[in-house]
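Hi everyone, thanks for making time this morning. Let me put the structure up on the screen, and then we can walk through a few parts of it together.

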Amino acid sequence: MRLIIFFGWFFIVSGGWSQEITVLDADTRQPIVNAVLYNSNKSRTALTDFDGVCDLSKFNGTERITISHIGYQARTVTKTQLLKRGKRIFLMPQTEQLDEVVMSISKWEQQKKDIPQKITSISAQAIAFTNPQTAADLLQNSGQVFVQKSQLGGGSPMIRGFATNRLVLSVDGVRMNNAIFRGGNIQNVISIDPFTIKNTEVIFGPGSVIYGSDAIGGVMNFLTLEPHFLRRDSVVVSGNANGRYASANSENTLHADVNIASEKWAFLSSLTYNKFDDLRMGSHGPDRYLRDSLVKRQDGTDVLISNENARKQVPTGYNQINLLQKISHKPSNNWQYDLGLYFSETSSYSRYDRLIRPDSDGSGLRSAEWYYGPQKWFMSNLQVYNNARNKFYDGVKLTAAYQFFEESRNDRDFQDAILNKTKENVDALSTNIDFENKKIGDLRLYYGGEYIYNKVHSEGSQENIETGSQNRAASRYPDGASWQTLAGYINAEYKTKPNLTLLGGIRYSHVWINADFDPTFYAFPFTSTTLNNGALTASLGLSWFPNQSLQFTLNGSTGFRAPNIDDIGKVFDSEPGSVVVPNPQLEPEYAYNIEAGIKKNFKDKAVLRGAAFYTYLVDALVRRDFTFNGEREILFNGELSNVQAIQNAAKAYVYGFEFGAEVFLSNELQLTANLTITEGIEEDDSGEESAARHAAPTFGDFHVIWILPRLRTDLFLNYNGEISFDDLAFTERSKEYLYDLNANGDPYAPSWYTLNIRSQYKISERLTTSLTLENMTDQRYRSYSSGISAPGINLIMGIGYRF
């Protein structure tokens, strides 16, 4: 009996009844150091240590304890509740912090308030609340990025009048842009798994000083989850499991991630599987958007049949899998080694906008089949960090990455036995070295270099679906073509006064292209082409606080886009009756940008933001009529087609205004709003002006957000303005089947709105549920330039469990 009492006493003393708790960041799950814990009259206080641990023994069991830390939302619970919840409590980061840092401007941490360029951060907390289906939806949910969709498996962001290969996609600091990023709409962003994103930073305007070619309209930098280390010698396993269902396309999504943490090693594994069915559009809107008929193959023949449900966009469904594996090793406080392995693959999915294209007389459909093959992306990313301070740098980061891209296209005309196929693979190697030096008084320097090499493999074939025979055909790009760039940059941040910061930088990039053309299928007037271009870009801006509540920013910058393989070597049908042919005489296009911003804080009760920008392009790369061997029309895929090519047009310019507001009515109730207005004009060599294709309509959102300790609810309105026929780009006017018709029978993009509500409820520290009802009034609408109509009324249910 005495032995039992002794062991019971030893169990209590040794920690069996320990009153220690751990305070963690709800997004990163990292310990929060120096969090303050206090009772209601502040007669008892405690601090968390370096591991986020705090001893509650000085507090009474029924006392209500408040846990507070700058940058986090305070929480108040009883001591008993804390000890019952697994002795861990999570604090949510504040929506906006005075000391908020960003990574994308220099690739190192900088205070956001010192940045003169507009940059938006989308946190893991915001992503979890909006619960997006894809990374494209993640961007769209911010209310500041317009997204075009040609099919359900797509999403092409537009920023300040630019898109596709005039924007840069980056994942953990590595460019996704490759040598075949095209001027038309792309869908590479859906390869990024929203469940694995801890933060997304969107730079508005040129970012060529850090990101090089293509960074004209902006940069989207997706920062993924990192393995968590422990600050003590033990091993802890944690993770998340999530599920989601959406009614508009019968989505079923499952996700799981596991983190294994120790003092020097950490591992993170993630798996996400998505299954999307055909998308259903809304009930109230233009009848032209309905899918009245579709092509079906019966008894070896293509026939046009009626769609049983005209609101169901058949076929649009697809599946996707995403895998992520990260391994981190931290042998000392000065060194860290990170290896990331990323993989994404979709099933085949239809290009819906081509399947609804009418035939030449308008009585039927042109295509029987038009689908992309599986889109594959793999990246291996090794990063080495050293924080040792010396005369040359305070920190250095070496990044070596390999990426593999695969995409393919398959199309067959109505009642034609020939299925045309093209398939492209790109091998992309990149090496970056980035230095941080902040030892020169108030001057901080960031500098580094970059080398990128892309190899393009392209093949074409034709299959007779009746006989099964296959023949070689023209490839989309010159097989074996290469694109490479070498660059160096330096960026400087100088705090002239406590309230005035200057930020400037300069970069030189050199680009080489080599391509050999196969004359088997086309009598090219050339057999090879070589481009050798250099570009010098720079930026200079300031951030000024006349007082603590008012900020002015001013920034001037240049950007460039060097021609890539898609520009100089592609043969494809850009639109019905037109074919784009290679143009080996291209030069880089240059952008000159200026923007000004203002931010006013009204005693922490309201925050208003505004920005104005103007971007001028010289030798802009745009598609125009061309000649091929002296001919303005050639036979392509059995159809006499007008010849076009990417050319250096005379000029183009884009300007616009961006507004944002946050109003805090109380601790529980707040309002937020965004509004973006963009105008763009392209001018060709003849001086004729037309609307810029990627200048989005006026768009915005308005949110009423109610926040309680366990419940968060958001009632919001999304709005898109009209683009009239007169303001519609010439290239869009020829796609009449994508648009509604005005009273004169001309195509235009109607305005639209949706009313939506989403909520998130914390059942416990471990279990969270979410419920969203989108497009409550069941509007039938199609975003500008999109080929697929948006979801109708859509119920989204989600559940998440963390352990």
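Let's start with an open sheet of three strands, in the order β11-β12-β13, where the pairing is antiparallel. Strands β11 (146–148) and β13 (162–163) are at the edges and have a single partner strand each, so each has one side without a neighbour in the sheet. Keep in mind that this is a predicted model. Between β11 and β12, which covers residues 156–159, there are three bridges, again in the antiparallel sense. If you'd like a pair to click on, Gln148 has Ser156 in β12 as its bridge partner.

Now please scroll along to β22 (residues 293–298) and β23 (residues 301–306). These two run antiparallel and are joined by six bridges. Together they make a hairpin, with two residues between the strands. In that turn, Asp299 has a positive phi of about 55°. Within the ladder, Lys296 sits opposite Val303 in β23.

On to the inside. Which residues touch the most other members of the largest nonpolar core? That core has 88 residues, and the answer is Leu139, Val189, Ile192, Met220, Phe222, Ile565 and Tyr784. The biggest giver is helix α4 (residues 135–141), with four residues in this core. Another core lies apart from it, with 16 residues, including Val23, Ile32, Val77 and Leu91. As a general point, nonpolar side chains in soluble globular proteins tend to be buried together.

One last stop is Met220. Leaving out residues up to four places away in sequence, Met220 touches Leu139, Pro157, Ile159, Leu167, Val168, Leu169, Ser170, Glu201 and Val202.

Note on methods:
Residues numbered from 1 in each chain as written. Predicted model: local features only at pLDDT ≥ 70, side-chain atom pairs only at ≥ 80, totals over all residues. Heavy atoms only, no water. Pairing = 2+ DSSP bridges. Core = buried A, V, L, I, M, F, W, Y, C linked by side-chain atoms within 4.5 Å. Buried < 20%, exposed > 50% of the residue type's maximum accessible area, 1.4 Å probe, protein only. Contact = heavy atoms within 4.5 Å.
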